[in-house]
Amino acid sequence: MIDLYYAPTPNGHKISLFLEESGLQYRLHRMDISAGDQFKPEFLALSPNNKIPAIVDSQPVDGGAPVSVFESGAILQYLAEKTGKFLSKELRERTSTLEWLYWQVAGFGPMLGQNHHFTHYAPQPVPYAIERFLQETRRLYGVLNRQLEKNAYIAGDHYSIADIATYPWVVAHERQRVDLAEYPAVRNWFERVKARPATQKAYALASVQ
């Protein structure tokens, strides 16, 4: 059983996507981040950075005490290794998957997050910051589009944790002022992932109170 500490953000959706795809049993603990749930001491014990998501695995593969994991990329890798799903054991495909997973958590997510902040939430417009992060967003979409022109999925022929990590950030493309018509390979991939039953189930959680 996996306990998932979750809010319906791109990083939260990554883990619900994996859990729905893998079929692992899990309990959902909905966090109200607008009310500051992420700063409560009991959550700090699981996630020292006070950010969702976090998980607790009560049945780790070593048979020992429960294991808690924070940071979405680390959680995805942990769950993939636990289940043997969405992370190939073949050297080259595994390496590619991890490269693109780290690309997402180090670049695609943070830069798009800054785009969201400066275009929607900053208390006053900062034209330099808006332009900087819009341009970086479009550059990163171009990187992703070139990769998907060569592959069915981000890391190769198979759906992987690289796709699971990236998809929730592309969901918000309109808020990022990105037209997917300009990135046809990304648009094709996005529609295929969106149509997956597990994707639909994971996103349905967002409306559950």
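Phe-86 is found in the loop between H3 and H4, and in this predicted model Phe-86 has a positive phi of about 65° although it is not a glycine. The two helices that flank this loop come within 10 Å of each other, axis to axis, and Phe-86 is also among the residues that touch Ile-164, whose place is in helix H6. The points below take up the helix contacts, then helix H6, then the aromatic rings and finally the backbone of the loops.

**Packing of H3 against H4**

- Helix H3, which spans residues 72-83, and helix H4, which spans residues 91-121, have axes that cross at roughly 155°, and the two helices are therefore roughly antiparallel to each other.
- The crossing in which H3 passes H4 is right-handed.
- On the H3 side the contact is made by Ser-72, Gly-73, Leu-76, Gln-77 and Glu-81, which meet Arg-94, Leu-98, Leu-101, Tyr-102 and Val-105 of H4; sorted by class, the contact holds five nonpolar, three polar and two charged residues.

**Packing of H1 against H8**

- Helix H1 (residues 10-22) packs on helix H8 (residues 197-204) at an angle of about 130°, and their axes are 8 Å apart, an arrangement that makes H1 oblique to H8.
- H1 and H8 also have a right-handed crossing.
- In H1, the residues His-13, Ser-16, Leu-17, Glu-20 and Glu-21 meet Ala-198, Thr-199, Lys-201, Ala-202 and Tyr-203 in H8, and the residues of this contact divide into four nonpolar, three polar and three charged.

**Helix H6 and its surroundings**

- Helix H6, running over residues 161-171, is mostly covered, with 10 of its 11 residues buried; among them are Asp-163, Thr-166, Tyr-167, Pro-168 and Trp-169.
- The cover over the buried residues of H6 includes H1, H3, H4 and H8, together with helix H5 (127-150) and helix H7 (184-194).
- Ile-164, within H6, counts as buried because its relative accessibility is 0%.
- Leaving aside residues up to four places away in sequence, Ile-164 touches Lys-14, Leu-17, Phe-18, Leu-76, Phe-86 and Tyr-159; of these, Leu-17 also takes part in the contact of H1 with H8, and Leu-76 in the contact of H3 with H4.
- Ile-164 and Ile-154 are separated by 10 residues in sequence and by 9.7 Å in space, taken from C-alpha to C-alpha.

**Aromatic rings**

- Across the whole structure, a search finds 12 aromatic pairs; in the pair of Tyr-153 and Tyr-159 the ring centres are 5.7 Å apart and the planes stand at 70°, so the pair is edge-to-face.
- Tyr-153 and Tyr-159 are both buried, and Tyr-159 is one of the residues touched by Ile-164.
- One aromatic cluster is formed by Trp-100, Trp-103, Phe-108, Tyr-141 and Tyr-183.

**Backbone features in the loops**

- The peptide bond that leads from Ile-52 to Pro-53 is cis, with omega near 0°, and Pro-53 lies in the loop between helix H2 (41-44) and strand S3 (54-57).
- Asn-50 is found in the loop between H2 and S3, where Asn-50 has a positive phi of about 55° although it is not a glycine.
- Asn-50 is buried, with a relative accessible area of 18%, and Phe-86, in the loop between H3 and H4, likewise counts as buried, at 19% relative accessibility.

Notes. Residues are numbered from 1 along each chain as its sequence is written. This is a predicted model: local features need pLDDT of at least 70, side-chain atom pairs count only at pLDDT 80 or more; totals for chains, interfaces and linings use all residues. Side-chain values use heavy atoms; hydrogens and water are left out. Axes are lines fitted to C-alpha atoms, for helices over the stretch in contact, and angles run from 0 to 180 degrees between N-to-C directions. Helices (H or I, at least four residues) and strands (E, at least two) are DSSP runs, numbered from the N terminus. Angles under 35 degrees count as roughly parallel, over 145 as roughly antiparallel, 65 to 115 as roughly perpendicular and the rest as oblique. A crossing is left-handed if the near helix is turned anticlockwise from the far one by less than a right angle, and right-handed if clockwise. Contact means heavy atoms within 4.5 Å. Ala, Val, Leu, Ile, Met, Phe, Trp, Tyr, Cys and Pro count as nonpolar, Asp, Glu, Lys and Arg as charged, and the others, Gly among them, as polar. Rings of Phe, Tyr and Trp (its six-membered ring) pair if their centres lie within 6.5 Å; planes under 30 degrees apart count as stacked, over 60 as edge-to-face and the rest as tilted. Buried means under 20% relative accessible area, exposed over 50%, partly exposed in between (1.4 Å probe, protein chains only).
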